[in-house]
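Here's a casual walk through one structure, a few residues at a time. Have a look at it first, and then we'll start with a single side chain and work outward.

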Amino acid sequence: MRLIDADAAVKDAHLNYGDVHDAVLMKHFLDSQPTIFLSQNNPLTLEDLLKMDGEPVWCECKDAPKYNGWYLVNASERTLQIARNKRYSISRSAIKSGFWLAYRRRPEEDK
């Protein structure tokens with residue numbers, strides 16, 4: 001399921017359909033739905049990543065943004081790398097030092 005902006009949907013229904021019966025019903029329906037709050041997207045710690053083996057994470061390199069992207073956590077193997085994608089890998093020490101940051105979702109998605 002994807003999150004939607006219910007306020008925009010209600011405004012769109014009102015602009016396109018005015019106060020006709022179906023638009024009013026849609027407004028009441030959307031207003032009655034529970035609100036879903038996204039969990040905070042703080043940088044993940046090495047300990048967090050060790051519990052996320054095989055899961056995708058968004059990683060950002062402070063000094064080289066061209067390497068930013070989606071990586072898969074590789075915590076099951078006893079290697080120096082904690083995450084990798086097709087081209088690059090990220091060491092456990094780079095996460096621990098803060099040189100690389102890992103997130104559950106891309107930070108721009110929170111705005």
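Let's begin with Val-24, which is found in helix 2. Keep in mind that this is a predicted model. Val-24 counts as partly exposed, at 32% relative accessibility. Now look across to Glu-77: it sits 53 residues away from Val-24 along the chain, and the two C-alpha atoms are separated by 56 Å.

**Two helices side by side**

Stay with helix 2 and bring in helix 1, which covers residues 6-17. How do the two run relative to each other? Their axes come within 9 Å and cross at roughly 170°. Angles over 145 degrees count as roughly antiparallel, so helix 1 is roughly antiparallel to helix 2. On the helix 1 side, the contact is made by Ala-6, Ala-9, Val-10, Ala-13 and Tyr-17. Helix 2 brings Ala-23, Met-26, Lys-27, Leu-30 and Asp-31 to that contact. Sorted by class, that gives eight nonpolar residues, two charged ones and no polar ones.

**A salt bridge in helix 2**

Two names from that contact turn up again here. Lys-27 forms a salt bridge with Asp-31, and the closest N and O atoms are 2.6 Å apart. Both partners lie in helix 2, which spans residues 21-31. They're four residues apart, or about one turn of the helix. Lys-27 is partly exposed, with a relative accessible area of 38%, and Asp-31 is partly exposed too, at 47%. The total count of salt bridges comes to one.

**Two cysteines, no disulfide**

How many disulfides are there? The count comes to zero. Why don't Cys-59 and Cys-61 form a bond? The sulfur of Cys-59 has its closest cysteine sulfur in Cys-61, but that one is 10 Å away, so it is too far for a bond. A disulfide would need the pair of sulfur atoms within 2.5 Å. Cys-59 counts as buried, at 0% relative accessibility, and Cys-61 is buried as well, with a relative accessible area of 6%.

**Three more residues to find**

Here's a quick guide to the next three stops.

| Residue | Where it lies | Relative accessible area |
|---|---|---|
| Asn-74 | loop between strand 2 (69-73) and strand 3 (81-84) | 8%, buried |
| Ile-90 | strand 4 (residues 89-91) | 1%, buried |
| Phe-99 | loop between helix 4 (92-97) and strand 5 (100-103) | 36%, partly exposed |

Take Asn-74 to start with. Not counting residues up to four places away in sequence, Asn-74 touches Asp-53, Thr-79, Gln-81, Ile-82, Ala-83, Arg-84 and Arg-92.

Next up is Ile-90. Leaving aside neighbours within four places in sequence, Ile-90 is in contact with Cys-59, Tyr-71, Leu-80, Gln-81, Ile-82, Ala-83, Ile-95 and Trp-100. One of those, Cys-59, is the buried cysteine from earlier. What about Asn-16, which is 74 residues from Ile-90 along the chain? The C-alpha atoms of Ile-90 and Asn-16 are separated by 50 Å.

Finally, there's Phe-99. Which residues does Phe-99 contact, leaving aside its neighbours within four places in sequence? The partners are Glu-60, Cys-61, Lys-62, Asp-63 and Ala-94. Cys-61, one of these, is the other buried cysteine we met above. Phe-99 and Thr-45 are 54 residues apart in sequence, and their C-alpha atoms are 12 Å apart in space.

**Putting it together**

If you'd like a short route to retrace, start at the contact between helix 1 and helix 2, where the axes come within 9 Å. Then pick out the salt bridge of Lys-27 with Asp-31. From there, go on to Cys-59 and find Ile-90, one of the residues in contact with that cysteine. End at Cys-61 and its contact with Phe-99.

Conventions:
Residues numbered from 1 in each chain as written. Predicted model: local features only at pLDDT ≥ 70, side-chain atom pairs only at ≥ 80, totals over all residues. Heavy atoms only, no water. Salt bridge = Lys/Arg side-chain N within 4 Å of Asp/Glu carboxyl O. Buried < 20%, exposed > 50% of the residue type's maximum accessible area, 1.4 Å probe, protein only. Contact = heavy atoms within 4.5 Å. Axes fitted to C-alpha atoms, helices over the stretch in contact; angles between N-to-C directions. Parallel < 35°, antiparallel > 145°, perpendicular 65-115°, else oblique. Nonpolar A, V, L, I, M, F, W, Y, C, P; charged D, E, K, R; others polar.
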